[in-house]
Structure formats: structure tokens, C-alpha cells
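I am opening a fresh page for this structure, and you are welcome to read along. My notes are short and go one look-up at a time.

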Amino acid sequence: MSARPHRPEGDGPPTGSGPGPARQARAVRLGPRSVAALVLISAIGVMAFGWPLLADSASGLAHSKDAPWLFAALLPMLLAVVVATIADTGLDAKAIAMLGVLAAAGAAMRPLGAGTAGIEPMFFLMVLAGRVLGPGFGFVLGSVAMFASALLTGGVGPWMPFQMLTMGWVSMGAGLLPGPDRLRGRGELAMLAAYGAVSAVLYGLIMNLQGWPYIAGMASGVSFVPGDPLAQNLARYLAYCLATSLGWDLPRALVTVLLTGTLGGTVLRALRRATRRAAFDVPVSFTSDPPRGAASP
């Protein structure tokens, strides 16, 4: 008995064959439950980042108090995303193996520049992997890679679930970019470089919301004031970002653009070749082979 890829009749040509552009293979095809889980965890993440701006002065708000609870709630939700994906689309052993390899590669790349002017080469890999493997796989990959890098670098703390969620958004967004089956070459690299630059800056801006409300000792012009009008707190937040993190966010964006422009084509081809060989879209059926030496009917 042997396992052979089986394509049901009427499904059209396999990936990469036939006239016209080849349909790009996806490690995970999002189903309704997967989409619902992603929307739910994203909505909770938006509230976790943004609700300090809407809190009144008597709330005693501090992310240092709520972040451990978010950590405890976030990891089961990430697991729920994976479970929903398995139930909807069949995240098989091949996809799990690729997830492990890419997450390990991303975790290993982060220490290469972490702590040096915001240089984080893992952004480039997360963007390209999300582009090739799709938004569902991308979200799980970004979250798992950030979790693994935190363990590797000793960066475990109340900020870690926020980093996991934000990196998941970065990689998922790359999977939602237009033209996955048609756009190739310089046009695709230019789009990915632009997205990588924007997402690298937005990552820093979003992560600032995690720590800004409870960092004490800052000048009044950039500090968070619970209960103040939203416009005033946003103005202070932008001033805080300009004063503290922009020098880290811009180098991160520049490195992402440079790596995408120089290595992006090679990495995209390697990822697409791996997904084709893994045949994520092709179901496996088990058939009985005739005994050796027996005449075939």
C-alpha cells in the first residue's frame, strides 16, 4: 500500500500546470471558523492596545497589571486559531513542519540585530512567508516565531503577548496583499518592500501603546494622562513616539526594504518551491500496489 497524491476529477489542473498563471499553494486555507477566530483575537488585541486612551482618571490603568492576564488569555486564543484551522482546512504534518522550520529561522534571525538601533531582520522573513503561505499560516507563524525568539533571547515579560499579536498581524497582512497568483518579479518585490517598511514602522507605533501608559518619570508633554481628551493624549503619544522610538522604527523599515530587495526574489522562489513540493492543496489517498512480479491487469 502506498500514499499517492490524488486530485478529484473536475478540480482543474494541478498547481503550476496548464495555461495562464499558476495558482499559488497555501499551507492553510482559511475556513469560516478560522476567520472567526482571527477576527475575535484581533478585536481583543485592538481593545488591549487602545482602551487606555478611553479610560477615565479613576481607572488606575496600568498595562503592568493587565498584561499578565492578557498573556494567560492570548495563548489559548492562539491555540484556538490553530485548532480551528485544523478543523476547517486540515493543517497536516507537512504544514506543521514548515511552521516549525520558519518559526525557528525567524527566532534565530531576531538576535542578529536586536538591541542595535532597531535592526530586526526577522521582519523580512515574516513578510515573505506570509505572502507565500497565506494570512492564516502567517498569523500563526508570526506569533510562534515571536514567542520562540522571546525564549531564545530571554525577552519573556508582560510585553511578550503584545509582541506576538502584533507580529502575527504583520505576517497576516502580507498574506492579504493583492495578486498572490499573478503578481511576480520586480512589481511584487516593490509591493512587499513597501509593505514591509510600513508594517515595520507601525509595529513600533503599536507596541508603544503597550508601555506608554504606565512609564513614569516622563516629561508632561509626552506622558499619558488618564481622563484627558483623546486628542490631547494622541498628541502626547505622537510626541512620545518621535522622541523615543522613531530612531528604532526607521532603521527596522530600512533593513526590511534592503533585505527584500536583495534576497526577496530568492526567498520567494524557495518558499514557493517548498510549498509546491509539499503539495498542501493535494489530498493523499492510500492505494494497494500489486505484488511484485504480478502481471498488471
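**Entry 1: a charged network**

I started with Arg131, which counts as buried because its relative accessibility is 0%. I should say at once that this is a predicted model.

Which residue does Arg131 form a salt bridge with? I found Glu188, with the closest N and O atoms 2.8 Å apart. This pair links distant parts of the chain, as Arg131 sits in helix α4 (residues 122-133) and Glu188 in helix α7 (residues 186-211), 57 residues apart.

Next I asked myself whether Glu188 is buried or exposed. Its relative accessibility is 1%, so Glu188 counts as buried; the cut-off for buried is under 20%.

I then followed Glu188 to another partner. The side chains of Glu188 and Arg272 meet in a salt bridge, at 2.5 Å from N to O. Here too distant parts of the chain are linked: Glu188 is in helix α7, Arg272 is in helix α9 (residues 246-278), and their positions lie 84 residues apart in the numbering. I noted that Glu188 and Arg272 are both buried.

**Entry 2: the other salt bridge**

How many salt bridges does a search of the whole structure find? The search gives three. I had one still to write down, between Arg252 and Asp249, whose closest N and O atoms are 3.0 Å apart. Arg252 and Asp249 are three residues apart in helix α9, so about one helical turn separates them. Both Arg252 and Asp249 are buried. Back to the earlier trio: salt bridges that share partners join Arg131, Glu188 and Arg272 into one network.

**Entry 3: the chain as a whole**

I stepped back for a wider view. The chain has 297 residues, and 45% of them count as buried. I listed nine helices and two strands. In what order do the elements of the chain run from the N terminus on? I wrote down β-α-α-α-α-α-α-α-α-α-β, with a β at the start and a β at the end.

**Entry 4: how helices pack**

A reminder to myself before the numbers: two packed helices are described by the angle between their axes and the distance between the axes.

I took helix α3 (residues 93-109) and α4 to begin with. They pack at an angle of about 160°, and their axes are 8 Å apart. Angles over 145 degrees count as roughly antiparallel, and α3 and α4 are therefore roughly antiparallel to each other. The crossing in which α3 passes α4 is left-handed. Helix α4 is familiar by now, since Arg131 belongs to it.

Then I turned to α6 and α7. Their axes come within 10 Å and cross at roughly 155°. α6 and α7 are therefore roughly antiparallel to each other. What is the handedness of the crossing in which α6 passes α7? I noted a right-handed crossing.

Helix α6 (residues 160-175) has a further entry, with helix α1 as its partner. The axes of α1 and α6 come within 11 Å and cross at roughly 125°. α1 and α6 are therefore oblique to each other. I put down that α1 passes α6 in a left-handed crossing.

**Entry 5: a patch on the surface**

Which residues make the nonpolar surface patch of about 230 Å²? I found Leu30, Val35 and Val39. I picked out Val39, which has its place in helix α1 (residues 32-50). Is Val39 buried or exposed? At 52% relative accessibility, Val39 counts as exposed, because the cut-off for exposed is over 50%.

**Entry 6: apart in sequence, a distance in space**

I closed the page with two pairs of residues. Val81 is in helix α2 (residues 63-89). Its relative accessible area is 2%, so Val81 is buried. How far apart are Val81 and Arg33 in space, C-alpha to C-alpha? I wrote 8.4 Å, for a pair that is 48 residues apart in sequence.

The other pair starts from Asn208, which is found in helix α7, the helix that also holds Glu188. Asn208 is buried, because its relative accessible area is 11%. Asn208 and Leu238 are 30 residues apart in sequence, and from C-alpha to C-alpha they are 9.9 Å apart in space.

Technical notes: Residues numbered from 1 in each chain as written. Predicted model: local features only at pLDDT ≥ 70, side-chain atom pairs only at ≥ 80, totals over all residues. Heavy atoms only, no water. Patch = residues over 30% accessible without salt bridge, like charges linked within 9 Å, V, L, I, M, F, W, Y side chains within 5 Å. Areas by Shrake-Rupley, 256 points an atom, 1.4 Å probe, with all protein chains shown as cover. Salt bridge = Lys/Arg side-chain N within 4 Å of Asp/Glu carboxyl O. Helix = DSSP H or I, 4+ residues; strand = E, 2+ residues; numbered from the N terminus. Buried < 20%, exposed > 50% of the residue type's maximum accessible area, 1.4 Å probe, protein only. Axes fitted to C-alpha atoms, helices over the stretch in contact; angles between N-to-C directions. Parallel < 35°, antiparallel > 145°, perpendicular 65-115°, else oblique. Left-handed = near helix turned anticlockwise from the far one by under 90°.
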